[in-house]
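Hi,

Here is the structure I said I'd pass along. Have a look at it first, and my notes on what turned up follow below.

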Amino acid sequence: MAMSSDVVLMNKPEESPQRATRARALAELFRYHGFWSVGVRMFRNMTFMSKAAIISTVFLLVVAQLTFIFVRASNQVIHSSERELLGVAQVRELTTLLDQAQGLRRTLLAANGKHDAALVEQLGRVDKQLGSIETSFAADADLAEAAKFARDAFTPLKKPIEDREDAFSRADEFVQQLLRLTASAADVSSLAQDPGADSYHLMLASTQETLQALRMIGRLRDLGSDALAAGAASPFERRILQGDSYVMYSQLELLFARYERVAKANPGLAESLAFQEAFKPVNSFMRALRKGPLAEKASGDAPAFAAAGDAAMASVQGLTDRSHTALAALIEARMAALRQARNLQLGLALAGLLIAGYFFHCFYLVTRGGMREVTRHIDAMAGGDLSTSPRPWGRDEAAALMLSICAMQDSLRQLIGQVRGCAEVIVTASSEVSAGAEDLSARTEKASSSLQQTASAMEQISATVKHTASKSDESAALGQQNAHVAGRGG
């Protein structure tokens, strides 16, 4: 176990000095300001204009991005509305062709599928208009495919058809394909996704429901008048008359409810659409249908019934045209409102940027002027000039700093005044000390002279003493000598 621990300790990598240095540098970086340290360090080494440029650039980028997103979204909605307007124009063109196709169906039924000069001319008009629509739809793959189905349904009609019921069915199939082409045009042009409550319901009514009603009214008119002219309805005719009449009642109720929704969403459209009046000829035609072709014994005036059907179709066709006009007006109004809102927002953004730029420049001037004024007074103080007096104009940070400098100047003036007073006292005391020193020096010189005289006298005394001592020594020696001589004499 000891050996294993030793191996683990030996294999443990030591901390790299470079890594430790980087860790200490990183800790030092975030020591004082934490999360804000990077920005603080960066701004410490930059001038005011550089700092302001960075902050302004960041805000401008955000504003530019938001403006771009708003403008792009607005342009997308406007472009979608433009496509809707194109769709309304396409539906109108198809509605005209649909009316001609129903006329062609009626003619084929009356001619028992045979061709005459009038029918050939009618086929030529339908063919020409269908070709024009195919050309305009060729750029879109979905519309081009739907137009191809309509073309395929129309092509067999160019040849005589022996069976009248087959001729009617084929002509009605062409009408049905035109209705599908109309629905495709509404889908591709974004009409089916219209965002407005009033325009959406109006779109459904004028591009689908009224056209379906026109198809059924046309079928009921053609077959009903044919049954009345023959005195009895064939099984084929009776089956269609009963089925379409049953569906027609439900369709009329739904269509009327649809226009009531439109009027509720936009009451101003009720008068221009006049949809309530438009349903009166249709109701009259449906009553004539119940009493005539759908009676147990079909009886009645075939031309009068056909005229009632024509009146009903004309009324619904007029309602469809008015609906298309109102729908286009709503889309155009929406586009105008979108453009106005977009331009207004752009104008407000531009005005905001101009105002921000104006105040930013004012802020720059105030800050630069305040810093220059502060620098001027500090430089004067550094040069020893305390005569300046900062006088700020406002109450911002620079003004507070200048007030602090002014207070500091007052304190320095007072301090210098006190120092000057102390210096004068020191000068006076120094003068007195100097005078005393001079007097002391004179006295010292006198004392020194006296000392010198005393020293000279002491030297003289010392010399006298020395001389006296010498004489004494000589006297002593002489005395000893005399004593020695005296001793010998004795």
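**Loops with positive phi**

Alanine 274 counts as partly exposed, because its relative accessibility is 29%. Bear in mind for this and everything else here that the model is predicted. You'll find alanine 274 in the loop between helix H10 (268-273) and helix H11 (275-291). What caught my eye there is the backbone: the phi of alanine 274 is near 50°, a positive value in a residue other than glycine.

Serine 190 is another one to look at, with a positive phi of about 70° although it is not a glycine. Serine 190 sits in the loop between helix H7 (164-188) and H8. Buried or exposed, then, for serine 190? Its relative accessible area is 13%, and the cut-off for buried is under 20%, so serine 190 is buried.

**Helix H8 and its surroundings**

Next along is helix H8 (residues 197-230), where arginine 221 lies. A relative accessible area of 6% is under the 20% cut-off, so this arginine 221 counts as buried. What does arginine 221 touch, leaving aside its neighbours within four places in sequence? The list is Gln102, Arg106, Phe285, Phe305, Ala306, Gly309, Asp310 and Met313.

Threonine 210 is in H8 too. It is buried, at 0% relative accessibility. Once neighbours within four places in sequence are set aside, threonine 210 has contacts with Ala205, Leu255, Tyr259, Val316 and Thr320. If you want a distance to check, threonine 210 and alanine 111 are 28 Å apart in space, C-alpha to C-alpha, and 99 residues apart in sequence.

That contact list leads to tyrosine 259, which is found in helix H9 (residues 235-265). Tyrosine 259 is buried as well, with a relative accessible area of 0%. Beyond its neighbours within four places in sequence, tyrosine 259 is in contact with Leu202, Ala205, Thr210, Leu273, Phe275, Phe279, Leu319 and Ser323. Along the chain, tyrosine 259 and leucine 269 are 10 residues apart, and their C-alpha atoms are separated by 9.5 Å.

**The nonpolar cores**

Tyrosine 259 comes up again in the largest nonpolar core, which has 79 residues. The members touching the most other members are Leu157, Phe174, Leu202, Met248 and Tyr259. Taking phenylalanine 174 from that set, its contacts (leaving aside neighbours within four places in sequence) are Ala101, Val126, Leu130, Ala150, Ala153, Phe154 and Leu157. Apart from the largest core lies another one of five residues, among them Met381, Leu386, Met402 and Ile405.

**The largest pocket**

You'll probably want this part for your own work. How much space lies in the largest pocket? About 260 Å³. Its lining has 13 residues, and those nearest the centre are Val366, Gly369, Gly370, Trp393 and Met402. Two elements each give two or more residues to that lining: helix H12 (302-382) and helix H13 (397-489). H12 supplies the largest share, five residues. By class, the lining comes to seven nonpolar, three polar and three charged residues. Met402 is worth a second look, as it is listed among the residues nearest the pocket centre and also belongs to the five-residue core.

**Two more buried spots**

Alanine 52 is placed in helix H4 (residues 48-110). With 7% relative accessibility, alanine 52 counts as buried. Where does it stand relative to tyrosine 364? The two are 312 residues apart in sequence, yet 8.8 Å apart in space, C-alpha to C-alpha.

Glutamine 122 lies in helix H5 (residues 117-137). This glutamine 122 is buried too, at 14% relative accessibility. Not counting residues up to four places away in sequence, glutamine 122 touches Gln100, Gly103, Leu104 and Thr107.

**Cysteines**

Last item: how many disulfides does a search of the whole structure find? Zero. As for individual cysteines, cysteine 362 is partly exposed, with a relative accessible area of 25%. Cysteine 422 is partly exposed as well, at 48% relative accessibility.

Cheers

How values were computed
Residues are numbered from 1 along each chain as its sequence is written. This is a predicted model: local features need pLDDT of at least 70, side-chain atom pairs count only at pLDDT 80 or more; totals for chains, interfaces and linings use all residues. Side-chain values use heavy atoms; hydrogens and water are left out. A disulfide is a pair of cysteine sulfur atoms within 2.5 Å. Buried means under 20% relative accessible area, exposed over 50%, partly exposed in between (1.4 Å probe, protein chains only). Helices (H or I, at least four residues) and strands (E, at least two) are DSSP runs, numbered from the N terminus. On a 1 Å grid over the protein atoms alone, a cavity is a set of points where a 1.4 Å probe fits but cannot get out, and a pocket is an open set with protein on both sides within 12 Å along at least five of seven lines; lining residues have an atom within 4 Å of a point. Grid points are joined across faces, edges and corners, and a volume is the space filled by probe spheres set on the points. Ala, Val, Leu, Ile, Met, Phe, Trp, Tyr, Cys and Pro count as nonpolar, Asp, Glu, Lys and Arg as charged, and the others, Gly among them, as polar. Contact means heavy atoms within 4.5 Å. A nonpolar core is a set of buried Ala, Val, Leu, Ile, Met, Phe, Trp, Tyr and Cys residues joined through side-chain atoms within 4.5 Å.
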